[in-house]
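Me: I have a model open and would like to learn how to read its features one by one. Could you walk me through a few of them?

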2 protein chains.
Amino acid sequence: MDKFRVLEIKKSVFENNDREANELRKELKQEKTFLLNLMSSPGSGKTTTLKATIAALKDEMRIGVMEADIDSDVDAHTIAETGAKVIQLHTGGMCHLDAGMTKQGLEGLGTENIDFAILENVGNLVCPAEFDTGAVKNAMILSVPEGHDKPLKYPLMFSICDVLLVNKIDVMPYFDFDLEACKRYVTKLNPNIKIIPISARTGEGIDEWSNWLREQVKQWNS
Amino acid sequence: MDKFRVLEIKKSVFENNDREANELRKELKQEKTFLLNLMSSPGSGKTTTLKATIAALKDEMRIGVMEADIDSDVDAHTIAETGAKVIQLHTGGMCHLDAGMTKQGLEGLGTENIDFAILENVGNLVCPAEFDTGAVKNAMILSVPEGHDKPLKYPLMFSICDVLLVNKIDVMPYFDFDLEACKRYVTKLNPNIKIIPISARTGEGIDEWSNWLREQVKQWNS
């Protein structure tokens, strides 16, 4: 038996995505389910970060993951190994998820026994930033090899996120990444953003990230 | 005086992008200008690769570069230092370029004295793959830190490119990147693609890449 379902989600029929997103948040509040929308470029380490996050929090809360991809089930297989509930969403070529698509995903996942749901969005720093998914909080990952100038080039994404994980800090010695410059660019766009340097591979910073998440989930579900 | 112009390009008014792209290629053929469309994720090293490419070829041909970005002029400043002709294109939030937008960029750049024009597309593995820009050849970069599984997750991009540069091979020892698996995934999607491992930083592989480009430019402009 397969460890997860694959769901083909369709482009939303709703004209007003913002309204649909607000409706979804109200439903999540009633169901006591916290939804995190996790975004980044391809290959910045979303899935590895999720694995470390699930390992840190799975004994305290019931976690469900939606893996959105244009194609392939690679990430759902990886997450299924953690024991978390997982569903693979195929976007049929779509470069982002909107609130209607996220709702289809949540219905496929089933939220009645989920305290903390995570949407791993399509790897893309442009389009996902333009669509409110209905998530309670937006998180993004920028990895060290991508360079510290990315906030200058993809400003909207950095502006709409509540938290930025700077991942792969274990390879910092091999790249010209200026963490202070990065923080400066990001906070200029978004003074309230929380910035947490991590290495999903070595586990560095995962405690701080888990503490932040624990606090958010507790607040939302109380 | 600024070293380059900044051009705000508008969404194309043409209904039929494929026809517009073919028209543009015909014009480029008449003008003896070879156009390369360079695509990748954010931070995979497009601009650094361009710098190395310009250094290798600038004494043999007249090179012009269009730097497409949602915002910022960071890359145009970098390319202007090489001495190549450069123009910054701002897409106004658009996540890709189509043939009409590329044509606006080429008109802004001026192709009458350009043998080899390069479009550095928006950093995005999804949307740019869906739009023929009118380029003669499509190239993409996958960098080692992004991981060898990307062809499985963004198959269209790997399917429509003529050449794949696997960049940042100098940091291969610090990442779990399986080059043979990557080649296997890519050639399954696209048996004719040429794959060249490079390090834009150290210069490794730039000779092979330059030789490939020289051959393409010569063939097109003859």
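Reply: Gladly! Let's start with a term: a salt bridge is a side-chain nitrogen of Lys or Arg within 4 Å of a carboxyl oxygen of Asp or Glu. Keep in mind that this is a predicted model. By that cut-off, the side chains of Lys103(A) and Glu107(A) form a salt bridge, at 3.9 Å from N to O.

Me: Where do Lys103(A) and Glu107(A) sit relative to each other in helix 4 of chain A?

Reply: The two are four residues apart in that helix, so about one helical turn separates Lys103(A) from Glu107(A). Lys103(A) is partly exposed, with 22% relative accessibility, while Glu107(A) is exposed at 58%. In chain B, Lys103(B) and Glu107(B) also meet in a salt bridge of 3.9 Å, again four residues apart in helix 4 (residues 99–109). Glu107(B) is exposed, with a relative accessible area of 57%. Through shared partners, salt bridges link Glu27(A), Lys103(A) and Glu107(A) into one network.

Me: How many salt bridges are there over all chains, and which residues pair across two chains?

Reply: Side chains of opposite charge can pair when their charged atoms come close. A search of the whole structure gives 22 salt bridges. One of the pairs is Lys153(B) with Asp75(A), at 2.7 Å from N to O. Lys153(B) belongs to helix 5 of chain B and Asp75(A) to helix 3 of chain A, so this pair joins two chains. Are the partners buried or exposed? Both Lys153(B) and Asp75(A) are buried.

Me: How are the two copies related?

Reply: Two copies of a chain are related by a rotation about an axis and a shift along it. Here, a turn of 180° and a shift of 0.0 Å along the axis lay chain B on chain A with an RMSD of 0.0 Å. The copies are therefore related as by a two-fold rotation axis. The same surface serves both, as 100% of the contact residues of chain B recur in chain A.

Me: In what order do the strands of the sheet in chain B run?

Reply: Eight strands make an open sheet with parallel pairing, in the order 1-4-3-5-2-6-7-8. Strand 1 (5–8) and strand 8 (194–197) of chain B are the edges, each pairing on one side only. On average, neighbouring strands are turned by 20° against each other, direction ignored. Helix 7 (residues 179–189) of chain B packs on this sheet and touches strands 6, 7 and 8, its direction making about 160° with that of strand 8. At the other edge, four bridges join strand 1 to strand 4 of chain B, and Leu7(B) has Leu89(B) as its bridge partner.

How values were computed
Residues are numbered from 1 along each chain as its sequence is written. Chains are lettered from A and ligands numbered from 1 in the order in which they are written. This is a predicted model: local features need pLDDT of at least 70, side-chain atom pairs count only at pLDDT 80 or more; totals for chains, interfaces and linings use all residues. Side-chain values use heavy atoms; hydrogens and water are left out. Two strands pair if DSSP finds at least two bridges between them. Axes are lines fitted to C-alpha atoms, for helices over the stretch in contact, and angles run from 0 to 180 degrees between N-to-C directions. Contact means heavy atoms within 4.5 Å. Copies are superposed by least squares on the C-alpha atoms of residues with pLDDT of at least 70 in both. Buried means under 20% relative accessible area, exposed over 50%, partly exposed in between (1.4 Å probe, protein chains only).
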